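Reader: I'm new to reading protein models, and I'd like to go through one step by step. Can we start with the basic terms and then look at the case in hand?

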Amino acid sequence: MQFLSKGVEKFVDESVELCQPDKVVVIDGSEAQLAALREEAVATGEMIKLNQELLPGCYLHRTLPNDVARVEGRTFICTEKKETAGPTNNWMQKDEAYAMLKEIYKGAMKGRTMYVIPYSMGAVGSPFSKIGIELTDSIYVVLNMAIMTRIGQRVLDQLGTSDDFVRGLHSKAEVDADKRYICQFPEDNTIMSVNSAYGGNVLLGKKCFALRIASYQGWHEGWMAEHMLILGLEKPNGETKYIAAAFPSACGKTNLAMLIPPEEFAKKGYKIHTVGDDIAWIRVGADGRLYAINPENGFFGVAPGTNNKSNPNALASTRKNTIFTNVCHNLENNTVWWEGLDKNPPKNAIDWQGNPWGEKEQAEGVKGAHPNSRFTAPAINCPCLSSEFENPQGVPLDAIVFGGRRAKTAPLVYEARDWNHGVFVGSIMASETTAAASGAVGVVRRDPMAMLPFCGYNMAEYFAHWVEMGTKAEKRPKIFNVNWFRTDDEGHFLWPGFGDNLRVLDWIIRRTEGTAEAVETAIGYVPNPADINLEGLDMTEADIAELLTVDKELWLQDAQGIEEFYAKFGEQLPKELRDELDRLKSNLNK
Ligand code: GTP
Ligand code: SPV
Ligand code: MN
């Protein structure tokens, strides 16, 4: 095939020779071509066309039951040396990985079409943006990438004769879980994903490129790729402050990014503007501030729990031109349903595995939608999308927020003393695992900066890079930690969360402006109960006090856990973090 870029030409030709597709189709991004692909997917049963009056342009897709989430155990960083991947990643020597994968890809696309998807992460032509070429034998992947990224001829035009792009080769092959590999080769700007057809494993622009490869690129080029939402908080005076927040998978990024302020705040004029819900690329601007873009063009959001009360903006985003994956098919009106959408599950439905789902199954507790079922919705559908969404320069950050899902220990919110303490706070993040990855759910694990599954290189180097970015940015944002998930002894959430999280963001922004109070504790600055605006909320200052307590015993145990986690990195752990841990321990023992 002919392309202006010789690198693209070589990549396509070599992949065709390896995978032996019957034909090759270049995705030009035209609506006519995408419409034809949708029709084809409907004809083969790959997608179900939903009620076009209620859900125009919407489709449903089911993946195989063995293929419903990211597979961290089968995700590899493939480099020359193990040390580059570090102690927290699965590693394969890169030449061995190529040799092993070639056997699996050999002839994998026989009888199929190979689609060539040129895509841009970030607005086409923005100085922050990067280009990828994904080759895939899945129409579902093409149609999802068309929502999640900017695709087509305009991207090839932007690339021109350059060879500066990320190669991504995906084949669903036989969707054989035993031969499933998600391999990143950060030294070669290459991704190889095989034997899966699910979201994060196969939409290569997302986690594989925009986090694993991009974090490695950022390390070398002096910028950062983070698992963060980006939001603008507009205050009553019309000024908008920007916050980036890193929470692990299925821990509330989409929800926070699209938050609707509580009535009392809305009345005063507070508004939230969504820039991104999953990934941020961050650079130092000429003015010494950190600027962030969202490299994506859509939302691949968790469906269960999304409803008109918890997240009306996300729900509204899914009402047209959306692909649903592994939700429940409501046969009563050919629409979709999931747990937590409303209290009226359809009586006549098909569950995410394709089985009949009615009152009997519901009574037995069979789930209609998979807990990690998702919607792929265009960003432009979002009613609160920020006017800065396409800004090629990004938005300036006033605060960086880390947060996890922790029943105990972490208070509702606290502020780091300074940048390096903030890096420490991010590095010690811990969270209960969720259905977003295959494996046990609800197990507390360390997930630094919510990047444990996504850091494309040695995490000790990643920490050092964070420390260094703080020296490069003269006007550093303040760093905070939040926890919406603290529970009482019966396991009930102590904090209402969702829209009410604005009350915490409000304190955070007032702290960055120097207009809110706090007390210094062993772990950092914690608000006094009276510093959080509880207007209109049925909560007492005593309830808030409970959420803000720093339990020394629990924190001493945590310090022990941090010590064990840090031990993995040996001498490579930056001294700045070791010093912060010593300081935490000495504060706790005072
Ligand atoms: P990924 O797309 O996997 O990276 O996840 P995410 O961080 O965007 O997660 P999302 O916002 O989709 O949240 C997923 C889960 O967290 C859902 O079950 C929500 O109901 C729950 N959740 C989100 N915000 C809150 C909150 O403030 N309080 C409580 N209790 N639950 C929340
Ligand atoms: C996550 O798991 O953090 C996601 C979904 O955002 S996926 O794209 O599958 O990784
Ligand atoms: Mn995510």
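Author: Sure. Let's begin with contact, which means heavy atoms within 4.5 Å. Before we use it, some ground rules: this is a predicted model, in which local features need pLDDT of at least 70, side-chain atom pairs count only at pLDDT 80 or more, and totals for chains, interfaces and linings use all residues. Residues are numbered from 1 along each chain as its sequence is written, chains are lettered from A and ligands numbered from 1 in the order in which they are written, and side-chain values use heavy atoms, with hydrogens and water left out.

Reader: Which residues is L505 in contact with, leaving aside its neighbours within four places in sequence?

Author: L505 contacts L231, L233, I243, L256, L259 and I272. You can also use contacts for the whole chain: among those with a separation of 6 or more, 72% join residues 24 or more positions apart.

Reader: How do I read a nonpolar core?

Author: First you need "buried": under 20% relative accessible area, with exposed being over 50% and partly exposed in between (1.4 Å probe, protein chains only). A nonpolar core is then a set of buried Ala, Val, Leu, Ile, Met, Phe, Trp, Tyr and Cys residues joined through side-chain atoms within 4.5 Å. Here the largest one has 132 residues, and W281, F402, W466, L505 and I508 have the most contacts inside it. Helix α5 (residues 139-148) gives the largest share of this core, eight residues. There's also a second, separate core of 32 residues, which includes M114, V155, L156 and M192.

Reader: How many helices and strands does the protein chain have?

Author: It has 18 helices and 31 strands. Both are DSSP runs numbered from the N terminus: H or I over at least four residues for helices, E over at least two for strands. Buried residues make up 61% of the 590 in the chain.

Reader: Is V16 buried or partly exposed?

Author: V16 counts as partly exposed, at 24% relative accessibility. It lies in helix α1 (residues 6-19), and beyond residues up to four places away in sequence, V16 touches P21, V24 and M114.

Reader: Now the metal. Which protein donors does the manganese ion (ligand 3) have?

Author: Donors are N, O and S atoms within 2.8 Å of the metal (3.2 Å for Na, K and Ca), and water is not among the atoms, so sites may look incomplete. For this ion, the protein donors are K207 (NZ), H227 (NE2) and D278 (OD), lying 2.2 Å from it. H227 sits in the loop between β12 (224-226) and β13 (228-234), and D278, 51 residues apart from H227, in the loop between β15 (271-276) and β16 (280-284). H227 is buried at 0% relative accessible area, and D278 is buried at 8%.

Reader: Why is the arrangement around the manganese ion (ligand 3) irregular?

Author: Six donors count as octahedral if opposite donors are over 155 degrees apart and all others between 65 and 115; four count as square planar by those limits, or as tetrahedral if all angles lie between 85 and 135 degrees, and anything else is irregular. The six donor atoms here subtend angles of 70 to 173 degrees, which makes the arrangement irregular.

Reader: And how many disulfides does the structure hold?

Author: Zero. A disulfide is a pair of cysteine sulfur atoms within 2.5 Å. C78 is in none, with the nearest cysteine sulfur, that of C183, 3.9 Å away. The sulfur of C208 is 9.7 Å from its closest cysteine sulfur, in C183, too far for a bond.
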